[in-house]
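Trainee: I should like to work through this model with you, one feature at a time. May I put my questions in turn?

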Amino acid sequence: MSALATQTGAINLGQGFPDTDGPAAMLDRAVHAIRSGANQYPPGPGVMELRQAVSEHRAEHYALAYDPAGEVLVTVGATEAIAAAVLALCEPGDEVIAFEPYYDSYAASIALAQARLVGVTLRPVEGRFAFDPDELRAAVTSRTRMILVNSPHNPTGTVFTRAELTVIAELCQEHDLIAVTDEVYEHLTFDGAPHIPLATLPGMRERTVMISSAGKTFSVTGWKTGWVCAPAELVTAVQTVKQFLTFTASAPWQVAVAFGLRHEGEWIAALRASLQDKRDRLMDGLTAAGFEVFKPAGTYFVQTDIRPLGFTDGLEFTRRLPELAGVVAIPTQVFYDRPERGGHFVRFAFCKKDEVIDEAVARLKRLS
Ligand code: PMP
Ligand code: GLN
């Protein structure tokens with residue numbers, strides 16, 4: 001879809017990446033790191049400064065203690081962390097539960113491990129995408145090995161509540177499952193909605209592989225710097241796979257992200273506030289343009305239903321959208337195991353300058 005935007009000159013509200021840079025002092029740190037020699041292979045688990053900063057950050061925000069010497073692993077973005085965790089911890093034939101729609105790398109990582117993805121569908125309930133606890137319980141079998149939990153959730157914008165996380169935590173303990181949590185949008189929550197890491201629930205730290213990344217927190221998606229926090233045994237397993245995927249992650253970004261985690265808390269707070277305004281701006285515009293709009297509590301995506309505009313197939317709609325309105329969006333059905341369940345949903349990103357959102361909205365109003 002980004003290629004389609006480039007070809008057609010359409011405004012790209014598809015792929016999730018910001019159109020403004022991260023904190024200037026952190027960018028300067030990356031330049032400085034390159035200039036001062038951080039240009040050779042860092043240690044396999046990552047630059048110690050970053051592992052330390054990640055550990056401090058987990059302690060400060062979530063009161064979770066991870067030892068930087070054995071319980072933190074730096075990866076090439078969250079994507080590598082997810083792939084390495086699934087490959088390390090699943091045997092062929094194991095089942096992995098993931099909430100559908102899900103970030104597209106999950107299905108591919110699970111397939112690479114010759115495991116089987118079992119989708120539990122999030123459906124709109126009073127304007128918010130949620131799962132049915134009974135459906136989740138019914139998805140667990142004797143082959144279930146892992147639950148992949150993404151909150152704040154791409155592409156629906158749902159932030160799981162403590163009650164929802166408790167259902168997941170109880171199942172994990174009852175059936176001895178590992179939880180892999182994708183928390184890349186941990187700081188992008190709105191209206192005061194708290195992000196609660198699953199590992200903070202009783203009995204969960206020891207069975208949770210907690211994953212995050214600098215890309216969304218600091219608007220540097222191109223840096224591909226992520227990390228895993230988990231008990232040492234689990235981290236060792238993940239690192240054993242990571243060693244032969246990439247061995248180690250790029251050095252300069254690690255030094256700079258360590259700086260960001262330690263010094264850019266105010267910048268992150270300002271990003272969150274600005275994204276909340278952008279969410280409201282885009283939601284108001286999409287509503288005025290005739291879409292049904294679901295209010296996200298987190299991430300930088302808005303989910304819409306296109307049926308009020310007289311369309312039924314999101315794939316066909318988004319393929320035609322550059323020509324119909326000069327805008328690119330993502331058909332949500334690509335995030336489903338069973339695309340028909342999400343056929344009429346379309347995702348728009350709002351991590352864009354206000355004038356870009358306004359222009360996109362003006363164009364989308366031509367649809368009705
Ligand atoms: N998980 C989710 C839910 C995402 O939206 C993204 C960003 N595309 C990722 C993982 C990947 O993060 P990274 O760029 O750090 O690999
Ligand atoms: N997470 C972003 C999205 O869902 C981009 C990642 C990607 O394009 N693979 O749009």
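Trainee: In which loop does P155 lie?

Mentor: The model is a predicted one, and P155 can be placed in it by the elements on either side. The strand on one side covers residues 144-150 and the helix on the other covers 162-174. P155 therefore falls, by the DSSP runs, in the loop between β7 and α7.

Trainee: What is the omega of the peptide bond that joins N154 and P155?

Mentor: The bond joining N154 and P155 is cis. Its omega is about 15°.

Trainee: Which residue precedes P101 across a cis peptide bond?

Mentor: P101 is found in the loop between β3 (95-100) and α5 (105-112). The peptide bond leading to P101 has omega near 0° and is cis. The residue on the other side of that bond is E100.

Trainee: Is D191 buried or exposed?

Mentor: D191 has its place in the loop between β8 (178-182) and β9 (208-213), and its phi is positive, near 55°, although the residue is not glycine. A residue counts as exposed if 12 or fewer other C-beta atoms lie within 10 Å of its own. Because D191 has 10 C-beta neighbours inside 10 Å, the residue counts as exposed.

Trainee: Is T299 buried or exposed?

Mentor: T299 lies in the loop between β11 (292-294) and β12 (301-305). Its phi is near 75°, again a positive value in a residue other than glycine. The cut-off for burial is 20 or more other C-beta atoms within 10 Å; T299 has 30 within that distance, so the residue is buried.

Trainee: How many of the 13 residues of α10 are buried?

Mentor: Helix α10 covers residues 251-263 and reaches 19 Å from its first C-alpha to its last, close to the 18 Å expected. Its buried residues include W253, F259 and L261, and what covers the buried residues includes α2, α3, β2 and α8. The helix is largely enclosed by the rest of the structure, because the number of its residues that are buried is eleven.

Trainee: Which helix gives the largest share of the shell around ligand 1?

Mentor: The shell around ligand 1 holds 14 residues, of which G77, A78, T79, Y103 and S213 come nearest. By class, nine are polar, three nonpolar and two charged. The largest share, three residues, comes from the helix spanning residues 77-89, namely α4.

Conventions
Residues numbered from 1 in each chain as written. Chains lettered and ligands numbered in written order. Predicted model: local features only at pLDDT ≥ 70, side-chain atom pairs only at ≥ 80, totals over all residues. Near = placed C-beta within 6 Å. Helix = DSSP H or I, 4+ residues; strand = E, 2+ residues; numbered from the N terminus. Nonpolar A, V, L, I, M, F, W, Y, C, P; charged D, E, K, R; others polar. Expected span 1.5 Å × (residues − 1). Contact = placed C-beta atoms within 7 Å.
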